[in-house]
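Q: Could you take me through this structure, starting with the overall build and then going into the details?

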Amino acid sequence: MPYCTSFFASRMGIILAGIFIGVFAPILQKLGNPANMGICVACMERDIAGALGLHRTEVVQYLRPEIMGFVLGSLIAALTFKEFKARTGSAPIIRFFLGFFAMVGALVFLGCPWRTLLRIAGGDGNAILGLAGLAVGIWIGVSFMRAGYNLGRSSPAGLAVGWIMPFLMVVFLLLAIFKPQFAPGGPIFISTKGPGAAHAPLAISLLIGLGVGFLAQRTRFCTMGAIRDVILMRDFHLFSGIFALVVAALITNLILGQFHPGFTNQPIAHDHHLWNFLGMALAGLAFALAGGCPGRQLILSGEGDGDAAIFVLGMIVGAGFAHNFAMASSPKGPGSFGPAAVVIGLIFCVVVGWAMRERSKI
Amino acid sequence: MSEKIDARGLSCPQPVILVKKAMEKMERGILEVLVDTATSRENISRLARSAGYQVTVEEKEGDFFLKLVKE
């Protein structure tokens, strides 16, 4: 194995990725991104859904360049190290709905696993409930894996399958740069107030996104995988990456004056503990069943994985539905239909986990 | 004792689970594993080394052939 490849695969490599995210996410916040949301894959995909008009919640509409950066950074790394492989065919429709419900759960909590860690590093105690829910959801997913759960094999596919997602991200990037308006009062929507209006300069967001995407592809950084591997195999390799993220983000927040401990009045968060817990339990279970956290799914979609791309599209569509159907939370608490959606999502995931036990087909 | 595992096309962490189950069945011997992603190659290599196996990797037409030996 070439030296740089073995370095990125090493404990030091994954720790470096965690430190990079942990330092630059709070810096993105300092440069304009919303509080404790320097990076949040779920929130940023939700903002993209809003910018495209898939939902009309005016305060969360912006084409976040970080997301494009993650996919394109991963693409650059995969091409550089000859790891780009177009592949698909592992139960794509199930992955779509896992992405859909993962987003519903994340938006009931208000954050992806990366933001969960960043919220903790910013002093938001409510995120501890989210992290606990995430771990429980992943533990349930691991139980299904032990019972033989498996979404089946993917197969090598034509190059176009692998290139669609990076191409889509280039289109999003062009829309973010030129901000065309497709109809009077229509998209592209850009928030003028609220979290959607809070953003770092586009070029900086994109550059940091590219760096994260590149490093995450090389090191296989995954927050869900970190917790799953500890539960499943007592393997702390990926966990050392998320631990480094929290420590680096905490130190950076302290330096930048962004650490505010407490449970009340935390930014873009609510203190309904049950739904913080259950929302992330749903998200964690869906991520575990799909084989990766939302960041990891973006990275995989950049290296040619068409099934991960379907999961990402499921998340973006899920964000549209979550806001249109009053499932997403606000700082006041869960939306009217958020709790019901979490229950439905948990039922869906349990049925999938049970129905896809196909030991004989492995 | 030796066993062959074809883990191509399986997403994370299925290849590692298959290898781990095979390791639990055998105290020593040879495991031959075929995977199609660098991620699976690295994960299985890490697991095998921590379990005391010697690991050799050969790339064949985009797939990775891992030979795990414990004497």
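A: What follows is a walk through a predicted model, from the whole chain down to single residues.

Q: Okay, how many helices and strands are there in chain A?

A: Chain A contains 15 helices and 2 strands. Its radius of gyration is 19 Å, close to the 21 Å given by the globule rule for 362 residues, so chain A is as compact as a globular protein of that length. Along the principal axes, the C-alpha atoms of chain A fill a box of roughly 55 × 45 × 40 Å.

Q: And what share of the residues in chain A is buried?

A: Buried residues are 59% of the 362 in chain A. As for the contacts in chain A with a separation of 6 or more, 83% of them involve residues 24 or more positions apart.

Q: Which residues touch the most other members of the largest nonpolar core?

A: That core has 136 residues, and those touching the most other members are Phe101(A), Met103(A), Val104(A), Leu107(A), Leu282(A) and Ala286(A). Helix H12 of chain A, residues 273-290, gives the most to this core, with 13 residues.

Q: Sticking with Met103(A), what does that residue touch?

A: Leaving aside residues up to four places away in sequence, Met103(A) touches Ala42(A), Met315(A), Gly318(A), Ala319(A) and Ala322(A).

Q: On to helix packing: at what angle do H9 and H13 of chain A pack?

A: Helix H9 (residues 202-219) and helix H13 (residues 294-302) of chain A pack at an angle of about 85°, and their axes are 10 Å apart. An angle of 65 to 115 degrees counts as roughly perpendicular, which makes H9(A) roughly perpendicular to H13(A).

Q: Which residues make that contact?

A: From H9(A) they are Gly213(A), Ala216(A) and Gln217(A), and from H13(A) they are Gly295(A), Ile299(A) and Gly302(A). By class, the residues of this contact are 2 nonpolar and 4 polar, with no charged ones.

Q: What about H10(A), how many of its residues are buried?

A: In helix H10 of chain A, residues 223-233, 8 of the 11 residues are buried, so this helix is largely enclosed by the rest of the structure. The buried ones are Thr223(A), Met224(A), Gly225(A), Ala226(A), Ile227(A), Arg228(A), Asp229(A) and Leu232(A).

Q: What covers them?

A: The cover over the buried residues of H10(A) includes helix H6 (113-121), helix H7 (126-146), helix H11 (237-256), H12 and H13 of chain A. After H10(A) comes Arg234(A), which has a positive phi, near 55°.

Q: Switching to backbone oddities, where is Asn265(A), and is that residue buried or exposed?

A: Asn265(A) sits in the loop between H11 and H12 of chain A, and its phi is near 55°, a positive value in a residue other than glycine. Asn265(A) counts as exposed, because 10 C-beta neighbours lie inside 10 Å and the exposed class covers residues with 12 or fewer.

Q: And Glu61(B), where does that one lie?

A: Glu61(B) is found in the loop between strand S3 (54-60) and strand S4 (63-70) of chain B. Phi of Glu61(B) is also positive, near 50°, and with 5 C-beta neighbours inside 10 Å this residue counts as exposed.

Q: Which peptide bonds are cis?

A: The bond from Pro187(A) to Ile188(A) is cis, with omega near 10°, and Ile188(A) has its place in the loop between helix H8 (159-178) and H9 of chain A. In chain B, a cis peptide bond joins Cys12(B) and Pro13(B), with omega about 5°, and Pro13(B) lies in the loop between strand S1 (2-6) and H1 of chain B.

Q: Back to chain A, what does Gly338(A) touch?

A: Not counting residues up to four places away in sequence, Gly338(A) touches Val108(A), Trp275(A), Met327(A), Ala328(A) and Ser329(A). Gly338(A) belongs to helix H15 of chain A, residues 338-355, and is buried, with 26 other C-beta atoms within 10 Å. Its C-alpha atom is separated by 6.7 Å from that of Ala326(A), 12 residues apart along the chain.

Q: Last topic, how many residues of chain B are in contact with chain A?

A: In chain B, 14 residues are in contact with 18 residues of chain A. Helix H1 (14-25) and helix H2 (38-50) of chain B each supply at least two residues of the side that touches chain A, and by class that side of chain B has 6 nonpolar, 4 polar and 4 charged residues.

How values were computed
Residues are numbered from 1 along each chain as its sequence is written. Chains are lettered from A and ligands numbered from 1 in the order in which they are written. This is a predicted model: local features need pLDDT of at least 70, side-chain atom pairs count only at pLDDT 80 or more; totals for chains, interfaces and linings use all residues. Two residues are in contact if their C-beta atoms, placed from the backbone, lie within 7 Å. Helices (H or I, at least four residues) and strands (E, at least two) are DSSP runs, numbered from the N terminus. Ala, Val, Leu, Ile, Met, Phe, Trp, Tyr, Cys and Pro count as nonpolar, Asp, Glu, Lys and Arg as charged, and the others, Gly among them, as polar. The radius of gyration is taken over C-alpha atoms; the globule rule is 2.2 Å times the number of residues to the power 0.38. A residue is buried if 20 or more other C-beta atoms lie within 10 Å of its own, exposed if 12 or fewer, and partly exposed in between; C-beta atoms are placed from the backbone. A nonpolar core is a set of buried Ala, Val, Leu, Ile, Met, Phe, Trp, Tyr and Cys residues joined through C-beta atoms within 7 Å. Axes are lines fitted to C-alpha atoms, for helices over the stretch in contact, and angles run from 0 to 180 degrees between N-to-C directions. Angles under 35 degrees count as roughly parallel, over 145 as roughly antiparallel, 65 to 115 as roughly perpendicular and the rest as oblique.
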